[in-house]
Amino acid sequence: MADAIAEPKQKFTYSHLDEKDFEQGLRAYAQYRDLGIAEATGGLVRAHVIRLVPPFEPEEVSKRHTHDVQFQMIYCLKGWIKGEYDGEEVTMREGSCWLQPPNIKHTVLGYSD
């Protein structure tokens, strides 16, 4: 019988909104709030709230890129964001949700203030 691979034990966690929890991160035009999910899942899953900072400046923001992750789901809480995903332009708005497959090439084309 093959040895079973032990999954990391998950623990209960929660995160309440606190404006001081937003920090500058990888991109200058975004602020990030870590929801504590990585720690609670032993690094299996990460979750952030990302706030895009106005004004939208295409020369800084609109750079084609990918993310080397196995799972990336995005949910738009407020406003809108327009992007191009492997040749398809889509405008997401409040309540929109989308899945970005690993390493999909995409570009942010605009976002609301």
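This briefing describes a pocket, a sheet and a nonpolar core in one structure. The model is predicted, so that local features need pLDDT of at least 70 and side-chain atom pairs count only at pLDDT 80 or more, while totals for chains, interfaces and linings use all residues. Residues are numbered from 1 along each chain as its sequence is written, and side-chain values use heavy atoms, with hydrogens and water left out.

**Pocket**
- The largest pocket (an open set of points on a 1 Å grid over the protein atoms alone, where a 1.4 Å probe fits, with protein on both sides within 12 Å along at least five of seven lines) has a volume of about 1,700 Å³, a volume being the space filled by probe spheres set on the points.
- Its lining, meaning residues with an atom within 4 Å of a point, has 44 residues, and H48, V49, I50, M73 and I74 lie nearest the centre.
- Strand β3 gives the largest share of this lining, five residues, strands being DSSP runs of E with at least two residues.

**Sheet**
- Three strands form an open sheet in the order β1-β2-β3, with antiparallel pairing, where two strands pair if DSSP finds at least two bridges between them.
- The edge strands, β1 (23-24) and β3, each pair on one side only.
- Between β1 and β2 there are two bridges, and E23 has Y32 in β2 as its bridge partner.

**Core around C76**
- C76 is in contact (heavy atoms within 4.5 Å) with R93, E94, G95, S96 and W98, leaving aside neighbours within four places in sequence.

Terms used: Helix = DSSP H or I, 4+ residues; strand = E, 2+ residues; numbered from the N terminus.
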